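Thank you all for coming. I would like to walk you through one complex this morning, going slowly from the strands to the helices and then to the core.

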Amino acid sequence: MSFSLALELKNCLLRHPEDEPADLLHRVSFAAFLKTGQAPTAKEVTDALLLLGKYSPEQPRVPAGNPGGGQWTSGGGSAGGAGDWIDTALAETCETQLYLDGLICHRLGSAACWGQAQFRYSACLRGDPIPYFPYK
Amino acid sequence: MIIAERILKLAPGNQPVKLSLTAPELDNGSWFCTYAIKWPDGERSIKIGGTDSMQALVGALQLLGAEIYASKFHKDGRLSFEGRTGYGIPVPSNFRPDLIGDDAKYL
């Protein structure tokens, strides 16, 4: 059975209309992982959220990489943004990926998962192809 | 709690670039370390997770190294540490081909 991230997001919104975007991401990324065996890429999630009008790329976020971070904020937070030192779009993509991977690893409590999440972030920063995320 | 800091210099003008690393902290069963880089025009701060404190600490240190090597300032040859080539900070394996000077030799 094929998996649609946008459809999953839509269903989550119906079931949990009170969810903040970060809670929504948490639910959807874990559902995607359970159903497909892979964490969604940052671009896939961003595209799906954009489709549903639930995410603005300009909206600031707190630093990523853990269940308490990487969340879209209402603005004015301690965002770990990017400036002249790094490509802004790349930094945002990498941080979102790290955040999504972190949600899964935190739930699984797997050292292999955390190791792969770290390596995937490193690959993203370097502009390398992102390795598959089997966690096992 | 910050457990380690380093100041790099950014040319021209030897502007300070402060690197810092926090102690691992337990949060709901996972461990997290935060690394931060204070560039002249802003700060970048990232939390790195692990299943234990060692994994979080080593990962944060390596990804701090990766951030520096991925920066435009490094690629432009504008960063230095204590007059040596390289920064003395470990990197993940995919960044090893990029290491320069003393880093390539000793890390």
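**A hairpin, a core and two helices**

Let me begin with a hairpin in chain B, formed by β1(B) and β2(B) with 4 residues between them, where Gly13(B) in the turn has a positive phi of about 95 degrees. When I say helix or strand, I mean a DSSP run, of H or I over at least four residues for a helix and of E over at least two for a strand, numbered from the N terminus.

Before going further, I should say that this is a predicted model, in which local features need pLDDT of at least 70 and side-chain atom pairs count only at pLDDT 80 or more, while totals for chains, interfaces and linings use all residues. Residues are numbered from 1 along each chain as its sequence is written, and chains are lettered from A, with ligands numbered from 1, in the order in which they are written. The predictor gives the complex an ipTM of 0.95 and a pTM of 0.74. For chain B the mean pLDDT (the predictor's confidence in each residue, from 0 to 100) is 95, and 100% of the residues reach 70 or more.

Back to the hairpin, then. Strand β1 of chain B, residues 2–10, pairs with strand β2, residues 15–22, in the antiparallel sense over 8 bridges, where pairing requires that DSSP finds at least two bridges between the strands. On its other pairing, β2(B) is joined by 4 bridges to strand β4 of chain B, residues 30–39, again running antiparallel. Leu21(B) takes part in both pairings, since in β2(B) it stands opposite Ala4(B), and its bridge partner in β4(B) is Tyr35(B).

The loop between β1 and β2 deserves a careful look at the backbone. Pro12(B) lies in that loop, and the peptide bond leading to it from Ala11(B) is cis, with omega near -5 degrees. Asn14(B) lies in the same loop, and has a positive phi, near 50 degrees, in a residue other than glycine. A second asparagine, Asn28(B), is found in the loop between β3 (25–27) and β4 of chain B, and has a positive phi of about 55 degrees. As a reminder, most residues other than glycine have a negative phi, and most peptide bonds are trans.

Are these two asparagines, Asn14(B) and Asn28(B), buried or exposed? A residue is buried if 20 or more other C-beta atoms lie within 10 Å of its own, exposed if 12 or fewer, and partly exposed in between, with C-beta atoms placed from the backbone. Asn14(B) has 9 such neighbours and therefore counts as exposed, and Asn28(B), also with 9, counts as exposed too.

Leu8(B), in strand β1 of chain B, is by contrast buried, with 24 other C-beta atoms within 10 Å. Leaving aside neighbours within four places in sequence, the contacts of Leu8(B) (C-beta atoms, placed from the backbone, within 7 Å) include Val17(B), Leu19(B), Leu79(B) and Phe81(B).

What of the helix in chain B? Helix α1(B), residues 53–70, has 18 residues and reaches 25 Å from its first C-alpha to its last, close to the 26 Å expected, the expected span being 1.5 Å times one less than the number of residues. Because 14 of those 18 residues are buried, α1(B) is largely enclosed by the rest of the structure.

That brings us to the largest nonpolar core, with 53 residues, of which Cys33(B), Tyr35(B), Ile48(B), Ala60(B), Leu63(B) and Leu64(B) touch the most other members. The largest share of this core, 9 residues, comes from α1(B). By nonpolar core I mean a set of buried Ala, Val, Leu, Ile, Met, Phe, Trp, Tyr and Cys residues joined through C-beta atoms within 7 Å. Beyond four places in sequence, Leu64(B) is in contact with Leu19(B), Leu21(B), Tyr35(B) and Ile89(B).

Finally, chain A, which has 5 helices and 0 strands, and in which buried residues make up 40% of the 136 residues. Its helix α5(A), residues 111–126, has end C-alpha atoms 23 Å apart, which agrees with the 22 Å that its 16 residues should span. The buried residues of α5(A), among them Trp114(A), Phe119(A) and Tyr121(A), pack against α4 (88–108) of chain A together with β5 (42–50) and α1 of chain B. Just after α5(A), Gly127(A) takes a positive phi of about 80 degrees.

How values were computed: Contact = placed C-beta atoms within 7 Å.
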